[in-house]
Amino acid sequence: MTKIGLALEKVLVGKKITQSEICSKVGITQGFFSGIKTGKKIGSEETIQAIIDVLVLTKDEESEVWKAWSYDRGHKETMEYFFKLEQENLKLKKILKEIKDI
């Protein structure tokens with residue numbers, strides 16, 4: 001499964017909406033939605049936004065979906081580099097928080 005697929009699965013947990021309902025509201029087929037999750041299809045920016053709107057995501061959830069979508073669309077080596085930078089940034093934020101708490 002792709003990063004967007006994993007992100008969508010993560011946000012779907014606890015949502016009381018079926019894949020069929022999502023597809024109906026967004027105007028896509030279940031096959032297309034499945035293709036987005038598996039990487040066989042690439043959803044447009046408009047389609048991903050429509051899915052986000054239907055799911056009524058928090059800002060953090062929305063951010064995760066957009067990051068995953070961007071990752072899957074980008075050049076793998078570049079995206080892996082950005083992912084590594086993001087992980088280092090999170091570590092540095094944690095260290096700064098610990099310093100502030102002293």
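Of the 102 residues of the protein chain, 30% count as buried, a figure that, like every other value here, was computed from a predicted model. The secondary structure of this chain comes to six helices and zero strands, and a reader who follows the sequence from start to end meets the pattern α-α-α-α-α-α. Taken along the principal axes, the C-alpha atoms of the chain fill a box of roughly 50 × 30 × 20 Å. Among the contacts between residues at least 6 apart in sequence, 55% join residues at least 24 apart.

One place to begin is helix 3, with the helices around it. The buried residues of helix 3 are Phe33, Gly35, Ile36 and Lys37, and what covers them includes helix 1, helix 2 (19–26) and helix 4. Helix 2 and helix 3 have axes that come within 9 Å of each other and cross at roughly 105 degrees, and that angle makes helix 2 roughly perpendicular to helix 3. On the side of helix 2, the residues that take part in this contact are Gln19, Ser20, Ile22 and Cys23, and they meet Gln30, Phe33, Ser34 and Lys37 in helix 3. Sorted by class, the contact of helix 2 with helix 3 has three nonpolar, four polar and one charged residues. After helix 3 comes Gly39, whose phi is positive, near 90 degrees.

From helix 4 (residues 45–55), Thr47 may serve as an example. Thr47 is buried, because its relative accessible area is 13% and the cut-off for buried is under 20%. Leaving aside residues up to four places away in sequence, Thr47 touches Val26, Ile28, Phe32 and Ile36. Of these, Ile36 is also one of the buried residues of helix 3.

Lys37, another of the buried residues of helix 3, leads on to the charged side chains. In general, side chains of opposite charge can pair when their charged atoms come close. A search of the whole structure finds five salt bridges, and one of them joins Lys37 to Glu9, with the closest N and O atoms 2.5 Å apart. Glu9 lies in helix 1 (residues 3–12) and Lys37 in helix 3 (residues 30–38), so this pair ties together parts that are 28 residues apart in sequence. The two partners are placed in contrasting surroundings: Lys37 is buried, with a relative accessible area of 9%, whereas Glu9 is partly exposed, with a relative accessible area of 32%.

Helix 1 also meets helix 5. The axes of these two helices come within 7 Å and cross at roughly 160 degrees, which means that helix 1 is roughly antiparallel to helix 5. The crossing in which helix 1 passes helix 5 is left-handed. From helix 1, the residues Lys3, Ile4, Ala7, Leu8 and Val11 take part, and they meet Glu61, Glu64, Val65, Ala68, Trp69, Tyr71 and Asp72 in helix 5. By class, this contact of helix 1 with helix 5 has eight nonpolar, no polar and four charged residues.

Glu64, which belongs to that contact, forms a salt bridge with Lys67, where the closest N and O atoms are 3.8 Å apart. Because Glu64 and Lys67 are three residues apart in helix 5 (residues 59–73), they are separated by about one helical turn. An α-helix has 3.6 residues a turn, so residues three or four places apart point the same way. Glu64 is partly exposed, with a relative accessible area of 39%, and Lys67 is likewise partly exposed, with a relative accessible area of 36%. Salt bridges that share partners join Glu64, Lys67 and Glu86 into one network.

Glu86 brings the reader to helix 6 (residues 76–100), whose axis comes within 8 Å of that of helix 5, the two crossing at roughly 145 degrees. In this contact Lys67, Ser70, Tyr71 and Asp72 of helix 5 meet Lys76, Met79, Glu80 and Glu86 of helix 6. The residues of the contact of helix 5 with helix 6 divide into two nonpolar, one polar and five charged. Two of its members, Lys67 and Glu86, also belong to the salt-bridge network with Glu64. Elsewhere, the side chains of Asp101 and Lys97 meet in a salt bridge, at 3.2 Å from N to O, and both of these residues are exposed.

Conventions
Residues numbered from 1 in each chain as written. Predicted model: local features only at pLDDT ≥ 70, side-chain atom pairs only at ≥ 80, totals over all residues. Heavy atoms only, no water. Salt bridge = Lys/Arg side-chain N within 4 Å of Asp/Glu carboxyl O. Helix = DSSP H or I, 4+ residues; strand = E, 2+ residues; numbered from the N terminus. Buried < 20%, exposed > 50% of the residue type's maximum accessible area, 1.4 Å probe, protein only. Axes fitted to C-alpha atoms, helices over the stretch in contact; angles between N-to-C directions. Parallel < 35°, antiparallel > 145°, perpendicular 65-115°, else oblique. Left-handed = near helix turned anticlockwise from the far one by under 90°. Contact = heavy atoms within 4.5 Å. Nonpolar A, V, L, I, M, F, W, Y, C, P; charged D, E, K, R; others polar.
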